[in-house]
Structure formats: structure tokens, C-alpha cells
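Trainee: I should like to request a close look at a single chain of this model. Please describe its overall build in one connected account.

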Number of protein chains: 2
Amino acid sequence: MDTIDFKALSELMMNGRMTWAELGSCLGLSSPATAERVRRLEDQGVIKGFTALVDHEAVGCALTAFVAVSLERPEHRNRFLQKIMEMQEVQECHHVAGEDDYLLKVRCKGTRDLERVVSDTVKSIPGVARTRTTIVMSTPKETPSPPLFPEDIIDATRR
Amino acid sequence: MDTIDFKALSELMMNGRMTWAELGSCLGLSSPATAERVRRLEDQGVIKGFTALVDHEAVGCALTAFVAVSLERPEHRNRFLQKIMEMQEVQECHHVAGEDDYLLKVRCKGTRDLERVVSDTVKSIPGVARTRTTIVMSTPKETPSPPLFPEDIIDATRR
DNA sequence: CCATTTGACGTAATTTTTATGGAAAGCACG
DNA sequence: CGTGCTTTCCATAAAAATTACGTCAAATGG
């Protein structure tokens with residue numbers, strides 16, 4: 001991981017379908033060298049994949065909510081996670097420190113679906129003690145990729 | 001938006017760099033027709049863009065946290081949002097209903113950075129009354145794109 | 001009911017991009 | 001100073017994207 005890889009990530013985060021030639025000229029490399037670097041980043045798992053960013057409202061997913069979940073006992077974890085993985089509407093599942101055990105980001109069509117997801121599905125999972133749902137009214141900012149700190153990466157290289 | 005567009009979204013969510021020919025064969029279309037459809041989805045804003053999914057840990061962003069923010073008065077909103085937009089570490093900012101006003105998803109290198117972001121930066125924004133930070137220990141699930149409900153889309157077409 | 005228009009698609013030709021193989025430059029190591 | 005390894009570039013062949021153009025079907029309008 002050097003500065004060039006970094007710039008590559010940054011560019012590919014902004015436009016994941018740019019050609020290697022385009023990216024190469026940003027990087028000061030030829031297209032084969034660029035393709036090779038990106039392939040390596042994928043192999044290393046730095047790049048987990050490429051995806052289209054879909055507007056959730058445009059596909060009828062108008063409602064976003066955060067659902068905090070408390071589990072009765074740790075034994076229920078695996079079963080809980082397994083269920084969560086199967087649920088399309090759960091976009092994120094974080095194991096958190098603090099009052100609750102898990103924080104879910106749920107996206108669905110509307111309140112009716114939310115009711116189904118939270119009251120029926122989540123609460124029916126064995127071990128779920130309680131849930132606390134927070135409705136999202138608007139989302140002024142949402143970026144899928146982590147911030148990039150080039151300076152740190154240079155340091156990381158020096159390891 | 002018809003069933004084909006839907007399948008296209010679904011495929012492009014899984015692999016954002018697939019060729020139009022590949023996608024076309026999934027869709028039963030030729031590559032020009034495929035490219036045209038995808039271009040239209042972009043124009044309509046259904047596809048907001050294409051991006052590389054970067055592993056945050058691989059780039060030194062090891063810490064994820066949710067920060068709930070309460071604002072004193074609504075007048076502070078614009079200034080607050082403006083500041084939030086400038087902060088790389090804030091990956092998401094949701095305006096929420098309930099006890100708090102905003103819920104931020106923050107990603108940074110470690111606790112030291114979190115301290116800087118929350119205690120120094122966020123709390124120094126005028127109007128921020130209080131914050132409540134929840135540390136993420138692990139993230140079993142995280143998908144950037146919304147769930148797709150083909151059946152609803154077919155209905156939408158019938159409008 | 002038929003002619004015309006419009007939109008979407010496929011095929012083929014052209015251009016661009018990617019993949020591949022081979023050679024040279026840089027670098028660590030002995 | 002040479003050896004082996006890595007990374008790069010260049011050239012060429014293969015593949016993909018783009019463009020142009022003709023066809024078809026559904027919608028439009030007389």
C-alpha cells in the first residue's frame with residue numbers, strides 16, 4: 001500500500017467504472033500497471049468489490065430506521081445473527097458496546113413493512129429481549145466508503 | 001422501471017464492473033440495449049453511481065461509532081449540517097425522530113481520533129447540546145445498497 | 001381501420017479498452 | 001558486483017464499448 005494505491009482507491013470510490021487507462025493517467029501509470037495494482041488490491045481484500053449505488057427511494061425503499069436490539073443471553077447470538085443475515089431489509093448489523101447489544105439499520109417500503117420486520121420478524125427471534133426503534137426522517141449525508149488518510153497509509157508502508 | 005431494470009440493478013449491485021455483454025446475457029438483451037438501459041437508470045437517478053467497496057480496516061479505519069447529537073434549537077441546523085458535510089470521518093448523518101436530533105456514523109483510526117472528532121470537533125459546533133456515543137465492536141453485516149422488491153416495481157410500472 | 005410516429009431492440013462496423021507476453025529498470029540480498 | 005525478484009512499460013492480440021442503421025411493435029391520430 002503506497003500513495004499510488006491510495007489515489008487509486010480514492011478515484012475508484014468516486015467512479016468505480018472508470019477505465020484502467022483513465023485511472024492510469026490519474027496515477028501516472030500505464031493501463032496494464034494500473035490494472036495489475038487494482039487486481040492486487042482486490043486480492044489483498046482492500047477492495048471488497050465494485051457496486052452500483054442504488055437510490056433507495058427510487059426503488060420504493062422510502063423508510064430507514066435504526067433498531068437497537070437487546071439479547072437476553074449470549075447463547076442466542078448465533079441464531080440471532082443467522083436470522084439477521086437472511087433479512088434483506090437489514091442493511092447493517094453492528095455489535096455495539098453500551099446499553100443495547102446490536103444496532104440494525106433497516107430499510108423498507110414504509111411503516112407497514114417496518115412493523116412486519118420489527119414487531120413480527122426481529123422480536124420473534126429467540127432471545128430478543130427488547131428493541132428500540134428510531135425512525136430516520138432524512139439523510140443529509142451517506143457515503144459507503146471509509147475516509148482515506150493518505151498520511152497514515154504512508155506510515156503503514158514504513159512498518 | 002420494469003423487471004429487466006430490476007434484474008440489472010440486482011446484478012450491478014453484486015458486480016459493478018461487469019461488462020454490458022455479460023449483463024446483457026443475464027437480461028436477455030444485446031450489449032447496446034443493456035448499456036442504454038443502464039445509462040437511463042443513471043440519468044433517472046436510480047443508479048447514483050458506481051464505486052469500489054473499500055475495506056475500512058485495510059485502510060486503517062479500525063473504529064466505527066454511532067454518535068447521537070442533540071441540537072439546542074433548530075436555527076443551528078444549517079451550520080451544523082455544513083460542518084458535518086466537511087467531516088470525512090462522518091460517513092452518515094441521519095436526521096432522526098425521537099430523543100436525539102441526529103445520528104452520525106463515524107469511522108476513524110482509533111479512540112484518539114474519535115476523541116478529536118467527537119469531543120473537539122462535533123461538540124464545538126454551535127448549538128450542539130449533547131452527544132451520546134456508541135462504540136461498534138464488530139459489524140457482522142453491512143451492505144451499501146437497499147433491498148430490492150421486484151414485485152413492487154412491477155406494480156410501479158402499472159401506474 | 002389503417003397510416004404514421006415513437007421507442008426499444010438487434011446487428012454490424014468502428015473505435016476504444018483490456019489482456020497478454022516479453023523486455024528493461026529498480027531494489028534488496030548475498 | 002552479480003542474482004533474483006518485483007514492478008513497470010511497450011507491442012500486439014483479443015475483447016468490449018460505441019455508433020450507425022434497419023426492423024419491429026405498440027401507441028397515436030386521422
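Mentor: The following account takes up the fold, the domains, the dimensions and the surface in turn. The model is a predicted one, and the chain in view is chain A. Its secondary structure amounts to 6 helices and 5 strands. From the N terminus onward, the elements of chain A are arranged as α-α-α-β-β-α-β-β-α-β-α.

Chain A is divided into two parts: domain 1 covers residues 3-52, and domain 2 covers residues 63-136. Taken over C-alpha atoms, the centres of domain 1 of chain A and domain 2 of chain A lie 36 Å apart.

As to overall dimensions, the C-alpha atoms of chain A occupy a box of roughly 55 × 40 × 25 Å along the principal axes. The radius of gyration of chain A is 20 Å, whereas a compact globule of 159 residues would have one near 15 Å.

Turning to packing, 47% of the 159 residues of chain A count as buried, that is, under 20% relative accessible area. Contacts within chain A may also be considered by sequence separation: of those between residues at least 6 apart, 63% join residues at least 24 apart.

The surface completes the description. Chain A exposes about 7700 Å², of which carbon and sulfur atoms supply 49%. Chain A carries 21 positive and 24 negative charges, and the mean positions of these two sets are 2 Å apart.

Key: Residues are numbered from 1 along each chain as its sequence is written. Chains are lettered from A and ligands numbered from 1 in the order in which they are written. This is a predicted model: local features need pLDDT of at least 70, side-chain atom pairs count only at pLDDT 80 or more; totals for chains, interfaces and linings use all residues. Side-chain values use heavy atoms; hydrogens and water are left out. Helices (H or I, at least four residues) and strands (E, at least two) are DSSP runs, numbered from the N terminus. The radius of gyration is taken over C-alpha atoms; the globule rule is 2.2 Å times the number of residues to the power 0.38. Buried means under 20% relative accessible area, exposed over 50%, partly exposed in between (1.4 Å probe, protein chains only). Contact means heavy atoms within 4.5 Å. Accessible areas come from the Shrake-Rupley method with a 1.4 Å probe; for residues, only the protein chains shown count as cover. Lys and Arg count as positive and Asp and Glu as negative; His and the chain ends are not counted. The place of a charge is taken as NZ of Lys, CZ of Arg, CG of Asp or CD of Glu. Domain bounds come from an automatic or database domain assignment.
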